[in-house]
Amino acid sequence: MEESLLKLQAIRMLKSMLRIRRFEERVIRLVNDNEIAGVTHEYIGQEAVAVGVCEALRQKDIITSTHRGHGHILAKGGQPSKMMAELFARSTGYNKGRGGSMHIADLSLNIYGANGIVAAGAPIAMGAAWTQLIKSTSEVAVTFFGDGAMNQGVLHETMNMASLWKIPMIFVCENNGYAVTFSADEASANPNFAERAAAYRMPSQLVDGMNVQEVYKAAQAAVERARNGEGPTFLECKTYRYMGHHTAEATMGITYRTKEEIEQWKLKDPIRHFISHMEHVYSWSALDQEQLESEMIQEIEAAVEYARVSPNPNPEDSLLNMYSTPYEGIPAKGWV
Ligand SMILES: Cc1ncc(C[n+]2csc(CCOP(=O)(O)OP(=O)(O)O)c2C)c(N)n1
Ligand SMILES: [Mg+2]
């Protein structure tokens, strides 16, 4: 790629990582101020995975996400305003305020949903990718999931079938070391996830998930394999979540990981490292960075304002927009 295009791509990736971080920092404050009800699962620290992978995708490619989905959705092009409105449970949100953080979907961007059920995005992605195969398009599907999902049966059923049928998909395991408070090493009979993919004769790669360029390179190769009809690839991205399992963990006094461990991982911060790379290679200046920061802050504040002034859903509409209407043979009485 030409130098100027590479610089544009680097700026796009940096902007996308910053957007995710600033969005989530703002969400944490809104949850703590009770403007957003409940808790969310923060992606802070893992930004390079979503951004590196999505940079290798086209808009027509499909992704499925997880309970920790804000990063994937923003990286695939999701709008902060419609996401924020969904978190505020407003009618202008992605799911008209009925889904919340763990159900955000945008079919126009081929985001087939965040998902509150661990590993449940994998078979959805496979179905979508299989459709592409049948229709002979060149689109691929990516499923993001965590280390905890590695011990879910449905993920293994999906890996088996995807490999057997050479389905054009990519399995992106975000190994952040923990499923809630349970460490991946203690939860897995074989914590070497690449070996488990190899059992399905699926090529796999261990990737530094704190390095957006490494993730992008690995994803690009995996996408190419899938587009060429060579079947799925498994990427294990080693990463870390800086925050708790969810927003409320900060107040719960849980001690499953040490402050030292968290600080060690922060030294590898994906955004800071990428900024210094850009300083060296593209003469990225403090002023450039300041301008990008202020653009992101404005974008996120506009999203908050949009959510705040949006109307609540009308309770009378609560039975509309279901995926299916109740079975007609059953009398409505007793159902509604
Ligand atoms: C099938 C299922 N089992 C349990 C849960 C409860 N649960 C929600 S998130 C989570 C941990 C998932 O860990 P991991 O896959 O590593 O993702 P991470 O939270 O680290 O991003 C669990 C057990 C669930 N949502 N779905
Ligand atoms: Mg995990």
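This is a short group-meeting talk on a predicted model, covering its magnesium site, some helix packing and a few single residues.

Hi everyone, and thanks for coming. Keep the structure open while I talk, and we'll go through it in pieces.

Let's start with the metal. Which residues coordinate the magnesium ion, ligand 2? There are Asp147, through OD, Asn176, through OD1, and Tyr178, through O, and the distances run from 2.1 to 2.2 Å. If you trace these donors along the chain, their spacing reads D-x28-N-x1-Y. Asn176 and Tyr178 are both buried.

Just past Tyr178, have a look at Val180. Val180 sits in the loop between strand S4, residues 178–179, and strand S5, residues 182–183. Its phi is positive, about 55°, although Val180 is not a glycine. Why might we stop at that? Because most residues other than glycine have a negative phi. Val180 has a relative accessible area of 42%, so it counts as partly exposed.

Lys166 gives us another case. Lys166 has a phi near 50°, again a positive value in a residue other than glycine. You'll find Lys166 in the loop between helix H6, residues 153–164, and strand S3, residues 169–175. Is Lys166 buried or partly exposed? With 45% relative accessibility, it is partly exposed.

Now for the helices, beginning with H1, which covers residues 3–32. Its partner here is H12, residues 286–309, and the two pack at an angle of about 45° with their axes 9 Å apart. That angle is why we call H1 and H12 oblique to each other. The crossing of H1 past H12 is right-handed. On the H1 side, the residues in contact include Leu14, Leu18, Arg22 and Phe23, and on the H12 side they include Leu292, Glu293, Met296 and Ile300. Sorted by class, the residues of this contact come out as nine nonpolar, one polar and nine charged.

H1 also packs against H2, at an angle of about 140° and with the axes 9 Å apart. Is that antiparallel or oblique? The label roughly antiparallel needs an angle over 145 degrees, and H1 is therefore oblique to H2. The crossing of H1 and H2 is right-handed. H1 brings Gln9, Arg12, Met13, Ser16, Met17, Ile20 and Arg21 to this contact, and H2 brings Glu47, Ala48, Val51 and Glu55. By class, that is five nonpolar, two polar and four charged residues.

H2, residues 47–55, has a further partner in H9, residues 212–227. Their axes come within 7 Å and cross at roughly 40°, so H2 is oblique to H9. H2 passes H9 in a right-handed crossing. Ala48, Val49, Val51, Gly52, Val53 and Glu55 of H2 meet Val212, Val215, Tyr216 and Ala219 of H9. This contact counts eight nonpolar residues, one polar and one charged.

Let me finish with three buried residues.

First up is Ile271, in helix H11, residues 270–282. Its relative accessible area is 6%, so Ile271 is buried. Which residues does Ile271 touch, if we skip those up to four places away in sequence? They are Leu14, Met17, Leu18, Arg21 and Glu47. You may recognise Leu14 and Leu18 from the contact of H1 with H12, and Met17, Arg21 and Glu47 from the contact of H1 with H2.

Next is Val140, in the loop between helix H5, residues 121–134, and strand S2, residues 141–146. Val140 has a relative accessible area of 0%, so it is buried. Leaving out residues up to four places away in sequence, Val140 touches Leu57, Asp61, Ile62, Pro168, Ile170, Val223, Ala226 and Arg227. Val140 and Ala222 are 82 residues apart in sequence, and their C-alpha atoms are 9.9 Å apart in space.

Last comes Ser81, in helix H4, residues 80–87. Ser81 has 19% relative accessibility, and buried means under 20%, so Ser81 counts as buried. Beyond residues up to four places away in sequence, Ser81 touches Ala303 and Tyr306.

That's my tour. Thanks for listening, and do turn the model around for yourselves!

How values were computed
Residues numbered from 1 in each chain as written. Chains lettered and ligands numbered in written order. Predicted model: local features only at pLDDT ≥ 70, side-chain atom pairs only at ≥ 80, totals over all residues. Heavy atoms only, no water. Donors = N, O, S within 2.8 Å, 3.2 Å for Na, K, Ca; no water. Buried < 20%, exposed > 50% of the residue type's maximum accessible area, 1.4 Å probe, protein only. Axes fitted to C-alpha atoms, helices over the stretch in contact; angles between N-to-C directions. Helix = DSSP H or I, 4+ residues; strand = E, 2+ residues; numbered from the N terminus. Parallel < 35°, antiparallel > 145°, perpendicular 65-115°, else oblique. Left-handed = near helix turned anticlockwise from the far one by under 90°. Contact = heavy atoms within 4.5 Å. Nonpolar A, V, L, I, M, F, W, Y, C, P; charged D, E, K, R; others polar.
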